[in-house]
Amino acid sequence: MTDLNPATTQRKLKGYDFYKSVLNSPKYIVAPMVDHSEYAWRVLSRRYNSQLCYTPMFHARLFAESENYRRTQFTTGPEDRPLIVQFCANDPETLLKAAKHVENDCDAVDINLGCPQGIARKGHYGSFLMDEWDRVCDMVKILHENLNVPVTCKIRVFPEVSKTIEYAKRMQAAGCQILTVHGRTREMKGHKTGIADWEQIRAVKAALDIPVFANGNICYFEDVDACLKATGCDGVMTAEGNLYNPALFTGELPPCWKMAEEYMQICKEFPNSADIGPMRAHLFKIFAPCLTEHADLRTDLAVKHTFEDLWEITQELKRRLLAATNNAQKYDPPAEWELDSRGLRILPTWICQPHFRPELPQDSGAPSQSNEGPSTSDSNVPDEIAQARIRRKEAKSEILASKKAKKSLGKLPVCASTACLNVGSTKCAFSCCKTCCRAKAVNERVSVAQKDSTECRKDGDSLSESRAAEFACQVHRTLVYRDESGMN
């Protein structure tokens with residue numbers, strides 16, 4: 001392992017010393033977000049009072065093994081501090097190997113123990129390690145003992161507050177120096193997101209001796225102060241609130257086009273700071289309030305693939321929004337907010353604002369949603385694009401199912417026909433199953449022979465006078481007909 005030199009020894013402070021001296025006591029924190037908290041977005045967020053940023057979640061094994069993955073996924077610069085790099089993992093040694101690659105380019109390394117998505121279930125990481133406390137503590141401990149920078153963690157809560165507290169204490173004992181608590185359980189996601197439990201977060205904070213960040217229910221700047229008071233935490237982390245309004249921590253509701261334009265300029269100013277995918281995703285969220293009024297640009301945004309195209313869409317939306325608002329450059333909030341039937345603020349569509357999930361029908365099988373927080377759903381994506389995504393997912397699922405089925409056959413030969421999963425015969429002339437063997441012969445040869453046989457019968461001749469029958473496949477006894485002259 002790398003020896004700690006004097007400089008890094010001084011940097012590796014613990015708990016509140018680290019929070020105050022290295023991170024500068026941040027209260028406004030941008031969460032780790034896959035494909036969203038990339039370098040360019042962090043630069044933009046810092047310009048609007050974000051005091052600490054996390055990278056997107058990186059896959060520890062891929063980061064440890066692939067130089068190309070590291071080069072394309074992790075970019076940073078001198079202005080990108082303080083910075084915490086987050087990894088998902090389930091193996092301590094692999095996690096350490098990945099973390100060693102970034103320890104000199106960040107202020108701490110964070111372990112993702114809160115991701116509730118299906119990919120985390122499949123990869124066995126994130127919140128799906130919540131019941132494996134020994135494994136989690138081993139990962140925390142190995143980073144604490146071997147890295148030049150502190151280790152931090154991000155978790156979700158259990159339904160029982162006592163279990164959440166005990167879980168948090170175990171991580172603190174293993175070496176975790178800052179704990180972020182997302183006040184939702186593993187099951188609370190999508191339309192079942194619900195309201196984050198600030199009381200649970202408050203209980204965890206009271207039980208620990210290290211700094212604690214609260215995560216959940218942040219839609220407006222007023223929510224930040226409310227959360228700090230309700231939980232007693234040292235900082236507030238937001239994800240979706242920041243995505244729809246990167247100026248959230250300033251208390252402003254800026255014009256959509258202003259944020260989008262500045263973000264795109266940052267992408268150009270800092271090479272390799274964002275790929276086209278994240279750029280498009282950010283523009284969809286920033287422009288979410290007004291895209292329904294400009295369906296043509298919404299469709300263009302979904303299908304364009306170059307920086308120049310996205311820039312032109314941004315400029316066209318800017319022109320339209322300025323024309324519709326008499327060149328309004330700033331939004332002045334009213335003295336008293338007007339609310340809709342759900343109790344949500346009614347805001348003009350040309351400014352950045354949280355996006356709330358639409359209420360589901362009462363018979364949909366999912367609980368009705370009201371004021372539980374913003375959404376990153378695809379409700380702002382046109383129907384034709386959404387349908388195309390569904391078709392691609394279905395096609396991908398069919399391919400994966402086919403591969404899985406073929407793999408499950410083990411050493412048994414598989415029919416050579418692309419769409420068939422039956423066992424094939426090694427002695428078949430076509431390496432097919434019986435059904436496909438006959439179909440292949442019929443499609444390629446027999447149809448011609450049958451036509452000739454019909455013509456022969458009309459002329460009163462027998463088939464044997466012009467063609468002779470033979471087996472194309474001796475195994476499956478597939479008949480074809482060969483011309484006596486040798487022509488098939």
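In the predicted model, Arg-46 is placed in helix 3, which spans residues 39-47. Arg-46 has a relative accessible area of 16% and is therefore classed as buried, since that class takes in values under 20%. The side chain of Arg-46 is joined to that of Asp-80 by a polar contact of 3.0 Å. When neighbours within four places in sequence are left aside, the residues in contact with Arg-46 are Gln-51, Leu-52 and Cys-53, together with Glu-79, Asp-80, Arg-81, Pro-82 and Leu-83.

Helix 3 itself lies across strand 1, strand 2 and strand 3 (83-88), and runs at about 160° to strand 2. The strands form a closed barrel of 8 members in the order 1-2-3-4-5-6-7-8, with parallel pairing. Neighbouring strands of this sheet are turned against each other by 25° on average, direction ignored. Strand 1 (residues 28-30) is paired with strand 2 (residues 52-59) in the parallel sense over 2 bridges, and Leu-52 of strand 2 is the bridge partner of Ile-29. Leu-52 also appears among the residues in contact with Arg-46.

Helix 3 is, in addition, included in what covers the buried residues of helix 14. Helix 14 (residues 276-286) is mostly covered, with 9 of its 11 residues buried; these are Pro-278, Met-279, Arg-280, Ala-281, His-282, Leu-283, Phe-284, Lys-285 and Ile-286. The cover over these buried residues also includes helix 12 (240-244), helix 13 (256-269), helix 15 (288-291), helix 16 (295-303) and helix 17 (307-324).

Conventions. Residues numbered from 1 in each chain as written. Predicted model: local features only at pLDDT ≥ 70, side-chain atom pairs only at ≥ 80, totals over all residues. Heavy atoms only, no water. Helix = DSSP H or I, 4+ residues; strand = E, 2+ residues; numbered from the N terminus. Buried < 20%, exposed > 50% of the residue type's maximum accessible area, 1.4 Å probe, protein only. Polar contact = N/O pair within 3.5 Å; in protein donor to acceptor, adjacent residues only side chain to side chain. Contact = heavy atoms within 4.5 Å. Pairing = 2+ DSSP bridges. Axes fitted to C-alpha atoms, helices over the stretch in contact; angles between N-to-C directions.
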